[in-house]
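Me: I would like to go through a structure feature by feature, learning how each one is read before turning to the case at hand. Could we start once the structure is in view?

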Amino acid sequence: MDADVVEHASQHDAIGELPLITESARVAHVTKMDQDRRPEVTDAIVRWLEGHGLLDRYGPVENVEDWTALHRRLADDGHPTVARRIATLAERYDRPKPMLTRVKLETEEEVDFLAGQYVGLRYDGTSRAYSLASSPTREDLEICVRRVAGGRLSPRICDDLDVGDEVTVRGPYGDLVLQERSARDMVFLATGTGVAPFKSMIDYVVETGRDEYEGERRDVWLFLGAAWKDDLPYRDAFRSLHQRRENFHFVPCLSREPTLSDWEGETDYVQHALLKHTDATTVAAGIGERLERWLAKEPQSGVSARLDPTNVDVYACGINAMVYSLVRAAERLGVPATRIESEGFG
């Protein structure tokens with residue numbers, strides 16, 4: 001019986017049982033996750049000008065070097081909305097590529113870790129911490145890296161890292177792990193590469209049947225925020241899972257995508273999308289007029305399910321300031337602090 005107790009100890013207790021390792025790892029696969037959308041940007045700028053009857057006056061727009069001057073002219077001439085959209089599109093055109101890279105690593109020996117943990121990765125003399133996006137059930141390790149302007153390591157990973165390169169992996173570390181299995185639903189809130197530990201968790205939950213409890217399905221929600229659709233890490237995998245499993249609800253929130261495509265999904269912040277997908281009848285009165293307004297809004301995701309904040313485990317990850325906002329929104333909705341796990345970076 002004692003062995004059973006150890007075996008079924010909480011995920012947090014299990015962290016102390018994992019070995020701290022330093023392993024040489026080999027890069028097995030590198031995938032650039034974002035797209036070259038410059039032709040789309042040019043077409044979109046033409047479309048915005050044409051739609052407002054401004055193309056004849058301000059065109060042609062093929063020369064990207066003129067776009068900075070173009071949006072200034074538009075603003076000066078009394079077209080601030082179009083000017084802001086042109087500035088946003090020009091920024092997208094000019095950004096370096098790739099911005100988002102996934103890396104699979106092979107180690108000589110199996111690395112034990114818990115879904116949600118991170119490792120220290122050392123490459124070419126520089127070390128940084130990266131969450132593991134792979135499930136503990138898989139043999140290889142995977143990380144997802146976004147280029148940081150002026151970063152010491154992320155640009156080199158995005159530009160230079162190649163199959164066969166050797167890196168050092170140290171860890172695992174981190175307390176952002178799954179809560180005890182229960183009848184409660186699971187809600188994952190992330191921005192950008194903050195979804196990496198949740199990719200590990202969600203895969204692990206599905207593969208091991210943790211999305212069921214005593215024969216009943218648990219709803220699993222993922223709210224993921226980014227600027228553009230190709231800034232969503234693992235978007236195809238999450239969409240596929242959304243289509244295959246009725247209890248998995250993927251809600252991408254894209255703030256800038258409508259300027260470039262016909263995106264009709266959520267464009268609000270993740271915490272606001274969370275409110276829009278909450279069953280208002282389960283929320284206690286007195287949460288504040290501003291939050292109540294979001295509760296009353298119709299979601300744009302196409303997801304008909306609604307969540308009950310009194311019956312969920314919440315996990316939040318991303319930039320520090322955003323995580324604070326996500327956690328605060330969950331608490332205001334009535335999620336107990338003991339059921340919220342969070343991790344911030346940057």
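**Reading the model**

Reply: M99 is buried, since its relative accessible area is 10%, and burial here means under 20%. Please keep in mind that this is a predicted model. M99 is placed in the loop between α6 and β2 (100-107).

Me: Which residues is M99 in contact with, leaving aside its neighbours within four places in sequence?

Reply: With those neighbours set aside, M99 is in contact with D34, V145, R146, R147 and C158. As for the chain that follows, M99 and A115 are 16 residues apart in sequence, and their C-alpha atoms are separated by 25 Å.

Me: C158 appears in that list, so how should I read the cysteines, and how many disulfides does the structure hold?

Reply: The general idea is that a disulfide is a pair of cysteine sulfur atoms within 2.5 Å, and by that reading the structure holds zero disulfides. For C158, the closest cysteine sulfur is that of C144, and because the two sulfurs are 8.9 Å apart, they are too far from each other for a bond. C253 is in no disulfide either, as the nearest cysteine sulfur, in C317, lies 16 Å away.

Me: Are these two cysteines, C158 and C253, buried or exposed?

Reply: C158 counts as buried at 1% relative accessibility, and C253 is buried as well, with a relative accessible area of 2%.

Me: C317 was named as the neighbour of C253 in that search; which residue of strand β7 (residues 185-191) should I look at next?

Reply: Look at T191, which has its place in strand β7. T191 is buried, with a relative accessible area of 15%. Not counting residues up to four places away in sequence, T191 touches C317 together with L224, G225, V270, G318, I319 and M322.

Me: Let us turn to helix pairs: at what angle do the axes of helix α5 (residues 67-76) and helix α6 (residues 80-94) cross?

Reply: When reading a pair, one takes the angle between the N-to-C directions of the axes, and an angle over 145 degrees counts as roughly antiparallel. The axes of α5 and α6 cross at roughly 165° and come within 8 Å, and the two helices are therefore roughly antiparallel to each other. The crossing in which α5 passes α6 is left-handed.

Me: Which residues make the contact of α5 with α6?

Reply: From α5 the contact is made by W67, L70, H71, L74 and A75, and from α6 by P80, V82, A83, I86, A87, A90 and Y93. Sorted by class, the contact of α5 with α6 has eleven nonpolar residues, one polar residue and no charged residues.

Me: At what angle do helix α3 (residues 38-51) and α5 pack?

Reply: Here the relevant cut-off lies at the other end of the scale, where angles under 35 degrees count as roughly parallel. Helix α3 and α5 pack at an angle of about 20°, with their axes 14 Å apart, and that makes α3 roughly parallel to α5. The crossing of α3 and α5 is left-handed. On the α3 side the contact is made by V41, T42, I45 and L49, and on the α5 side by W67, L70 and L74. The residues of this contact between α3 and α5 divide into six nonpolar, one polar and no charged.

Me: I would also like to read the backbone; where is P98, which follows K97 in a cis peptide bond?

Reply: P98 lies in the loop between α6 and β2, and the peptide bond that leads from K97 to P98 is cis, with omega near 0°. Another cis peptide bond joins G171 and P172, with omega of about 5°, and P172 is found in strand β6 (residues 166-173).

Me: And what phi does E214 have?

Reply: E214 has a positive phi of about 50° although E214 is not a glycine, and its place is in the loop between β8 (212-213) and β9 (216-217). Y234, also not a glycine, has a positive phi of about 60°, and Y234 lies in the loop between β10 (220-226) and α9 (235-244).

Me: Are E214 and Y234 buried or exposed?

Reply: E214 counts as exposed at 69% relative accessibility, whereas Y234 counts as buried at 5%.

Key
Residues numbered from 1 in each chain as written. Predicted model: local features only at pLDDT ≥ 70, side-chain atom pairs only at ≥ 80, totals over all residues. Heavy atoms only, no water. Buried < 20%, exposed > 50% of the residue type's maximum accessible area, 1.4 Å probe, protein only. Axes fitted to C-alpha atoms, helices over the stretch in contact; angles between N-to-C directions. Helix = DSSP H or I, 4+ residues; strand = E, 2+ residues; numbered from the N terminus. Parallel < 35°, antiparallel > 145°, perpendicular 65-115°, else oblique. Left-handed = near helix turned anticlockwise from the far one by under 90°. Contact = heavy atoms within 4.5 Å. Nonpolar A, V, L, I, M, F, W, Y, C, P; charged D, E, K, R; others polar.
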